[in-house]
Amino acid sequence: EMAKAERRRAELRLERVAVALEAFEDDEYGWCRDCEESIGYRRLMARPDSFFCHACSTAREARRS
């Protein structure tokens with residue numbers, strides 16, 4: 001079960017990277033999908049496959065709780 005879970009996490013990460021590469025090709029990489037502001041450099045360095053800026057990501061997490 002642990003191996004299956006790890007494989008699924010890896011597959012999801014690959015999907016996110018593929019979407020990030022598509023965004024790069026479309027000149028949309030680095031822009032938040034919610035507020036359309038730029039995603040901070042430090043966030044992109046830590047998580048290059050980020051779709052949301054820190055503020056929007058935090059707000060999404062709060063809504064899930």
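With which residue does Asp49 form a salt bridge? In this predicted model, the partner of Asp49 is Arg16, and the closest N and O atoms of the pair lie 2.9 Å apart. The interaction joins distant parts of the chain, since Asp49 belongs to the loop between helix H2 (41-46) and helix H3 (54-64), whereas Arg16 is part of helix H1 (residues 2-25), with 33 residues separating the two. The partners differ in burial category: Asp49 has a relative accessible area of 1% and is therefore classed as buried, while Arg16, at 26% relative accessibility, is partly exposed.

A further link between distant parts of the chain is provided by Asp34 and Arg60. Their salt bridge likewise has its closest N and O atoms 2.9 Å apart. Asp34 is situated in the loop between H1 and H2, and Arg60 in helix H3, at a separation of 26 residues. Both residues fall into the partly exposed category: Asp34 has a relative accessibility of 37%, and Arg60 one of 27%.

A salt bridge within a helix is found between Arg64 and Glu61, both of which belong to helix H3. The closest N and O atoms of this pair are 2.9 Å apart. Because the two residues are 3 positions apart in helix H3, about one helical turn lies between them. Arg64 is exposed, with a relative accessibility of 61%, whereas Glu61, at 43%, is partly exposed. Elsewhere, salt bridges that share partners connect Arg7, Arg8, Glu11 and Glu15 in one network. In total, the model contains 10 salt bridges.

Turning to the nonpolar residues, the largest nonpolar core consists of 7 residues, namely Cys32, Ile39, Leu44, Phe51, Phe52, Cys53 and Cys56. Three of its members are thus cysteines, Cys32, Cys53 and Cys56, and the remainder comprises Ile39, Leu44, Phe51 and Phe52. For Cys53, the contacts with residues more than four places away in sequence involve Cys32, Cys35, Ser38, Ile39 and Arg43. Among these partners, Cys32 and Ile39 are also listed as members of the largest nonpolar core.

How values were computed
Residues are numbered from 1 along each chain as its sequence is written. This is a predicted model: local features need pLDDT of at least 70, side-chain atom pairs count only at pLDDT 80 or more; totals for chains, interfaces and linings use all residues. Side-chain values use heavy atoms; hydrogens and water are left out. A nonpolar core is a set of buried Ala, Val, Leu, Ile, Met, Phe, Trp, Tyr and Cys residues joined through side-chain atoms within 4.5 Å. Buried means under 20% relative accessible area, exposed over 50%, partly exposed in between (1.4 Å probe, protein chains only). Contact means heavy atoms within 4.5 Å. A salt bridge is a side-chain nitrogen of Lys or Arg within 4 Å of a carboxyl oxygen of Asp or Glu. Helices (H or I, at least four residues) and strands (E, at least two) are DSSP runs, numbered from the N terminus.
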